[in-house]
Amino acid sequence: MPAPPTHLARGLLGSLPHFRRDPLGLLLRSLRDYGDVVRFRMFTWSLILVAHPQHVRRVLQEHAANYNKQTRGFQVLRTFLREGLLTSEGEHWLRQRRILQPGFHHDRIAGFGTTMTRATEDLVNRWLRAGTDTVDITADMMRLTLRIVGETLLSADVSQESDRVGRALHVAVHAANDAIGQVIAPPAWWPSQRNRALRDALQTLDAVILDIISARRRADEPTDDLLSMLMQARDENTGLGMSDAQLRDEAMTIFLAGHETTAIALGWTWHLLATHPDVRRRVEEEVDAVLGQRQPMVTDLQQLSYIEQVVKESMRIYPPAWAISRCAIKDDVIGGFRVPAGSTILISPYVTHRHPEFWSDPERFDPDRFDPTRSVERPPFAHFPFGGGPRQCIGNSFAMMELVLVVATITQRCRLDLPPGGNVVGTQPSITLRPAESIRMHVSAR
Ligand code: HEM
């Protein structure tokens, strides 16, 4: 069985400098030049890009048991998410997933719709009341999604703490990004500037979350949210509940996984709508026809189908989780190529979402691609912003509901435009696909 073709790169570091300079460009060019499975040598280790939907499906779903999360990226994330759902594995992950799953069930999250629209209306009111003409949409979407995740899952209004928490999360994510990009990262105990910043950020986050947990332990009345569910859960065998540390890991994971990705998806969506007035007009027409002046509700979601298409297309072009990594436990064969045990596999929704076999003119923003009649032709994993298989995003439905409700609520009341010259915004592929700079937008009442 042949080894996958290897990206040609000279020098000791191999493809690493290319990867650091422009990972998205490198991956897209490699798909074009080498095909669906490509190997990259990065100093002493290597990485295999798997781009075809069928191969992605093999790794994430069909053969998922052969692929774990013992990769550099997850090891870095583990330094602050520890044994939370995103980073844990094996028995512990399965037990936690079973405990958390009912909390994300459709019926259960439907009750969160009002919180989502109310938080969004508060933001619109603030914009319109302040009469400010430009807002930093990236920062405002981060604040909004942080408040939503805090209120719905932890019943805690973290919006007063939002700046502190937001800053600490930013530092933690930044430090994690740096560590992933380094050839040899200093150990976590090394008193480097980055490690010290990370330690301070973690202390802040720990303090906020542990405060919420301890207030909850003292409260007489049970609260109806995910944290309470986690606190009430008991291990089937031992009858023991979760420790504060375990609760902290899950809460921190939900905080991070639940707000950063959604905020980024919203930021890109506003940018795409402002640069595509024809699409925006259709969104406005749908909102006016379905809602009029009435507040959007969960029961309206089915009718807000064009907005759903817009959001899916926005996450096709800018998938917030642009890279998913795995490690092969045993030898495997993917697309006719040998994948030895221990290989790091890189799956990139950003790349697969532009695969020429499944997407024509892939850079064009065209929400009609997600018209149900056209979507049926596409194989699973041609579009997978939430991953797939057993480790698929647990917050998938939560996020879709939030994205559609936020877009509808804001569109109903105002219009967001880019200042002159603001049409082009680059990407900054770190753990998530952030815009390279803050997106500033002009707000006007509709
Ligand atoms: C647009 C928004 C979102 C995107 C694009 C997204 C994307 C993803 C992806 C790709 C994964 C799989 C990672 C892997 O396979 O290694 C994942 C996992 C996860 N997501 Fe999301 N996510 C979003 C929103 C949310 C929300 C709102 C929550 C919680 C409220 C959440 C919580 C999680 C958790 C806990 C996992 C780990 C699941 C497991 O391994 O069992 N995510 N997400």
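Strand S5 (residues 324-328) and strand S8 (residues 344-347) are joined by four bridges and run antiparallel. In this pair, serine 325 faces leucine 346 of S8. The model is predicted.

**The five-stranded sheet**

S5 and S8 belong to an open sheet of five strands, ordered S1-S2-S8-S5-S3, with mixed pairing. Strand S1 (37-42) and strand S3 (67-68) stand at the edges, each with a single partner strand, so one side of each has no neighbour in the sheet. Strands of a sheet pair through backbone hydrogen bonds, and the pairing can be parallel or antiparallel.

Both senses occur here. S1 and strand S2 (residues 45-50) run antiparallel, joined by six bridges. S2 and S8 run parallel, with three bridges between them. Each pair has residues that can be picked out in the structure. Valine 38 stands opposite leucine 49 in S2. Leucine 47 has threonine 344 in S8 as its bridge partner.

**Strand S12 and its partners**

Now look at the end of the numbering. Strand S12 (residues 440-445) pairs with strand S4 (residues 134-136) in the antiparallel sense, over three bridges. Threonine 134 faces histidine 442 of S12. Strand S9 (residues 414-417) also pairs with S12, again antiparallel, over four bridges. There, cysteine 414 faces alanine 445 of S12.

The table gathers these strand pairs.

| Strand pair | Sense | Bridges | One facing pair |
|---|---|---|---|
| S5 and S8 | antiparallel | four bridges | serine 325 and leucine 346 |
| S1 and S2 | antiparallel | six bridges | valine 38 and leucine 49 |
| S2 and S8 | parallel | three bridges | leucine 47 and threonine 344 |
| S4 and S12 | antiparallel | three bridges | threonine 134 and histidine 442 |
| S9 and S12 | antiparallel | four bridges | cysteine 414 and alanine 445 |

**Two residues with positive phi**

S1 and S2 form a hairpin with two residues between the strands. Phenylalanine 43 lies in that loop. Its phi is positive, about 55 degrees, although phenylalanine 43 is not a glycine. Is phenylalanine 43 buried or partly exposed? It counts as partly exposed, because it has 13 C-beta neighbours inside 10 Å.

Arginine 82 is another non-glycine residue with a positive phi, of about 40 degrees. Its place is the loop between helix H4 (72-81) and helix H5 (90-100). Arginine 82 has 17 C-beta neighbours inside 10 Å, so it counts as partly exposed.

**Proline 4**

Proline 4 sits in the segment before helix H1 (16-21). Why does proline 4 count as buried? The reason is that 23 other C-beta atoms lie within 10 Å, and the cut-off for a buried residue is 20 or more. Which residues does proline 4 contact, apart from neighbours within four places in sequence? They are Val37, Val38, Arg39, Ile48 and Phe337. Valine 333 is 329 residues away along the chain, yet its C-alpha atom and that of proline 4 are separated by 10.0 Å.

**Helices H10 and H17**

Helix H10 (residues 193-218) has 26 residues. At 1.5 Å a residue it should span 38 Å, and its end C-alpha atoms are 37 Å apart, so the two values agree. Buried residues in H10 include Leu198, Ala201, Leu205 and Val208. Ile209, Ile212 and Ile213 are buried too.

H17 has 18 residues. From first to last C-alpha it reaches 26 Å, close to the expected 26 Å. Of its 18 residues, 14 are buried, so H17 is largely enclosed by the rest of the structure.

**Around the ligand**

H17 (396-413) also helps surround the ligand: H17 and helix H12 (244-275) each supply at least two residues of the shell. H12 gives the largest share, seven residues. The shell has 23 residues, and those that come nearest are Gly258, Thr261, Gly387, Cys393 and Gly395. By class, 15 shell residues are nonpolar, six are polar and two are charged.

**The whole chain**

Step back to the full chain. It has 17 helices and 12 strands. Its C-alpha trace spans about 65 × 55 × 40 Å along the principal axes. A compact globule of 446 residues would have a radius of gyration near 22 Å; the chain has 22 Å, so it agrees with that rule. Of the 446 residues, 42% count as buried. Among contacts with a separation of 6 or more, 74% join residues 24 or more positions apart.

Technical notes
Residues numbered from 1 in each chain as written. Predicted model: local features only at pLDDT ≥ 70, side-chain atom pairs only at ≥ 80, totals over all residues. Near = placed C-beta within 6 Å. Nonpolar A, V, L, I, M, F, W, Y, C, P; charged D, E, K, R; others polar. Pairing = 2+ DSSP bridges. Rg over C-alpha atoms; globule rule 2.2 N^0.38 Å. Buried ≥ 20, exposed ≤ 12 C-beta atoms within 10 Å, placed from the backbone. Contact = placed C-beta atoms within 7 Å. Expected span 1.5 Å × (residues − 1).
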